[in-house]
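Me: I have a chain to go through and would like the reasoning behind each label. Please set the values against the cut-offs.

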Amino acid sequence: MTQDERRRVIPMAMRAALASVAMACSLLLIKGYAALHTGSVAMLGSLADTGLDLLASLVTLYGVKLAAEPADQDHRFGHGKAEALAALFQVVLITASAIGIAWRAVERLSAPAVNDDAALGIGVSVAAILATFALLAYQRHVIRRTGSVAILADNVHYQSDVLLNVAVIAALVLEQYLGVAGADPIFGIAIAGWLAFGAFSASSQAIDMLMDKEWPEDQRAAFMEVAARQPGIRGIHDFRTRRAGSHEFAQFHMEVDPELSVRDAHHIVEQVEGALRGAFPRVETLIHLDPEGHVDTDNPLVEADVTPHWFSKRV
């Protein structure tokens with residue numbers, strides 16, 4: 001990420017992250033009051049989810065702030081993987097909360113209790129839905145302007161909160177107004193399951209980042225298509241990619257005419273880097289220059305990637 005890109009992206013992303021933290025704090029207070037007065041397991045699950053939202057928003061804020069810091073002497077590739085470590089910490093908390101909510105719901109099924117003041121719980125849930133819609137709209141605006149991966153992840157997380165609050169309203173209406181016994185603890189179990197599924201998804205993404213999983217094939221092809229269009233390139237091989245938080249990295253070997261001077265070959269590299277920087281401003285690219293026909297056949301990954309389809313199409 002260039003300095004100009006960092007100065008444009010980071011302030012907007014920071015404001016979006018702060019808005020997320022502020023909303024989570026407000027909802028935590030009113031949902032805590034509602035859960036205490038209604039005794040609803042579904043509302044308790046919603047309260048736990050909001051608490052996790054606050055933690056996730058704080059982690060997002062920390063991640064965005066950390067992304068603003070340039071690489072240093074000890075972290076030459078930046079600090080992006082701290083987000084993955086923080087996500088795994090969140091997974092532990094989410095899983096523990098899901099187990100606690102499910103346990104409480106099972107207790108309520110075996111020893112039914114009457115919920116109180118369902119209107120309060122419904123009103124709080126409606127207010128939470130409206131506030132969440134407002135936050136989602138603002139986050140989408142920031143995502144369009146910045147492309148922030150951290151804010152995008154937070155936006156997806158808050159989309160699920162809308163469904164969660166609808167589930168709380170349904171549980172309270174069914175049990176207190178329509179007399180459907182056991183609806184509240186059943187919805188509580190469903191919410192616990194939803195939280196557990198979210199924990200699994202978050203852990204998968206964090207592990208993929210820590211294990212340097214490759215980009216999706218369509219993104220790899222789009223990146224190489226831009227590189228292969230540049231004049232002077234005779235071949236591309238050993239293309240590798242990875243992510244670290246909001247930063248992305250790509251590296252490959254580029255073949256040129258072996259008769260070129262160092263100056264001319266370097267000029268081609270700069271052209272390719274400039275084109276990739278213009279099309280993918282958040283990707284840090286490392287290019288190794290090879291004379292045409294020089295391939296490291298000792299590396300089995302290179303043999304499978306000597307003539308990728310996106311380059312052969314250009315030729």
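Me: What makes strand 2 count as mostly covered?
Reply: This is a predicted model. A residue is called buried when its relative accessible area is under 20%. In strand 2, nine of the ten residues are buried, so by that cut-off the strand is mostly covered.

Me: How many of the residues of the chain count as buried?
Reply: Of the 315 residues, 45% are buried. The accessible surface of the chain comes to about 15800 Å², and 64% of that surface belongs to carbon and sulfur atoms.

Me: Why are strand 1 and strand 2 called a pair?
Reply: Two strands pair if there are at least two bridges between them. Strand 1 and strand 2 (residues 247-256) have eight bridges, in the antiparallel sense, so the condition of at least two is met. Among the residues that face each other, Thr241 stands opposite Ala250, and His237 has His253 as its bridge partner.

Me: What joins strand 2 to strand 3, and in which sense do they run?
Reply: Nine bridges join them, and the two strands run parallel. The cut-off is at least two bridges, so these strands also pair. Ala250 of strand 2 has Thr285 in strand 3 as a bridge partner. From strand 2 the chain passes through helix 8 (residues 262-279) to reach strand 3, a β-α-β crossover that is right-handed.

Me: What makes the pairing of the sheet mixed?
Reply: The sheet has three strands in the order 1-2-3. Strand 1 pairs with strand 2 in the antiparallel sense, while strand 2 and strand 3 run parallel. With both senses present, the pairing is mixed.

Me: Why are strand 1 and strand 3 said to stand at the edges?
Reply: Strand 1 (235-244) and strand 3 (283-291) each have a single partner strand, so one side of each has no neighbour in the sheet. The sheet is open, and its twist averages 15 degrees from one strand to the next.

Me: Where do the strands fall in the pattern of the chain, and how many helices are there?
Reply: The chain has ten helices and three strands. Read along the sequence, the pattern is α-α-α-α-α-α-α-β-β-α-β-α-α.

Me: What share of the contacts joins residues at least 24 apart?
Reply: A contact means heavy atoms within 4.5 Å. Among contacts between residues at least 6 apart in sequence, 76% join residues at least 24 apart.

Note on methods:
Residues numbered from 1 in each chain as written. Predicted model: local features only at pLDDT ≥ 70, side-chain atom pairs only at ≥ 80, totals over all residues. Heavy atoms only, no water. Helix = DSSP H or I, 4+ residues; strand = E, 2+ residues; numbered from the N terminus. Buried < 20%, exposed > 50% of the residue type's maximum accessible area, 1.4 Å probe, protein only. Areas by Shrake-Rupley, 256 points an atom, 1.4 Å probe, with all protein chains shown as cover. Axes fitted to C-alpha atoms, helices over the stretch in contact; angles between N-to-C directions. Right-handed = clockwise from strand over helix to strand, strands pointing away.
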